[in-house]
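This report looks at how one protein chain is folded and at the charged pairs that join parts of it. Please keep the sequence and the 3D view at hand while you read.

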Amino acid sequence: MDKEALKKTISRRLKTALFEAGMSCCALSRVTGISATQIYCITRAQSIPGAETLMMIADTLGCSMDWLMGRTDCKEVHNG
């Protein structure tokens, strides 16, 4: 997957996860400590988050990093 496609996938899936969690970008920022500006850039497909940022987002929203990046269609986190 190229960078632009990855940006769009993460953006789309982050927006979906936020909606399903009933959470705004500002609320996600408060909970994670990630700047609201950075979260807005991710939701607008303007940037790709680093691994640590992606992990905090996934943990907070209860989804897997692989799902956020489009590597799987299974949203759930598997602990095994």
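The text below goes from the overall fold to the core and then to the salt bridges.

**Overall fold**

The model shown here is a predicted one. Its protein chain contains 5 helices and 0 strands, and read from the N terminus the order of the elements is α-α-α-α-α. The C-alpha trace extends over about 30 × 30 × 20 Å along its principal axes. For a chain of 80 residues, a compact globule would be expected to have a radius of gyration near 12 Å, and the value of 11 Å for this protein chain agrees with that.

Two further values describe how the chain is packed. Of its 80 residues, 38% count as buried, and among the contacts with a separation of 6 or more, 51% are between residues 24 or more positions apart. The protein chain exposes about 4800 Å², of which carbon and sulfur atoms supply 51%.

**The nonpolar core**

Which residues have the most contacts inside the largest nonpolar core? This core has 17 residues, and the ones with the most contacts inside it are Leu14, Leu18, Leu28, Ile57, Leu61, Cys63 and Leu68. The elements that each contribute two or more residues are α1 (3-21), α2 (25-32), α3 (36-43), α4 (51-61) and α5, and α1 gives the most, with 5 residues.

Ile57 offers a view of this packing from a single position: when its neighbours within four places in sequence are left aside, Ile57 is in contact with Leu14, Leu28, Ile34, Ile42 and Leu68.

**Salt bridges**

The count of salt bridges in the model comes to 4, and the table gives three of them, including the distance between the N and O atoms.

| Lys or Arg | Asp or Glu | N to O distance |
|---|---|---|
| Lys7 | Glu4 | 3.2 Å |
| Arg13 | Asp73 | 3.0 Å |
| Lys75 | Glu20 | 2.2 Å |

The pair of Lys7 and Glu4 lies within helix α1, where the two residues are 3 residues apart, about one turn of the helix. Lys7 has a relative accessible area of 16%, and because buried means under 20%, Lys7 counts as buried. Glu4, with a relative accessible area of 45%, is partly exposed.

How many residues apart are Arg13 and Asp73? The salt bridge between Arg13 and Asp73 links distant parts of the chain, with Arg13 in helix α1 and Asp73 in the segment after α5, 60 residues apart. Arg13 is buried, with a relative accessible area of 13%, whereas Asp73 has a relative accessibility of 68% and therefore counts as exposed, the limit for that class being over 50%.

The side chains of Lys75 and Glu20 also meet in a salt bridge, and this pair too links distant parts of the chain, since Lys75 is in the segment after α5 and Glu20 is in helix α1, 55 residues apart. Glu20 is exposed, with a relative accessible area of 53%. The two side chains of this pair are also listed as making a polar contact, at 2.2 Å. Apart from residues up to four places away in sequence, Lys75 touches Ala17, Glu20, Gly62, Cys63, Ser64 and Trp67, and among these Cys63 is one of the residues with the most contacts inside the largest nonpolar core.

Conventions: Residues numbered from 1 in each chain as written. Predicted model: local features only at pLDDT ≥ 70, side-chain atom pairs only at ≥ 80, totals over all residues. Heavy atoms only, no water. Polar contact = N/O pair within 3.5 Å; in protein donor to acceptor, adjacent residues only side chain to side chain. Contact = heavy atoms within 4.5 Å. Core = buried A, V, L, I, M, F, W, Y, C linked by side-chain atoms within 4.5 Å. Buried < 20%, exposed > 50% of the residue type's maximum accessible area, 1.4 Å probe, protein only. Helix = DSSP H or I, 4+ residues; strand = E, 2+ residues; numbered from the N terminus. Rg over C-alpha atoms; globule rule 2.2 N^0.38 Å. Areas by Shrake-Rupley, 256 points an atom, 1.4 Å probe, with all protein chains shown as cover.
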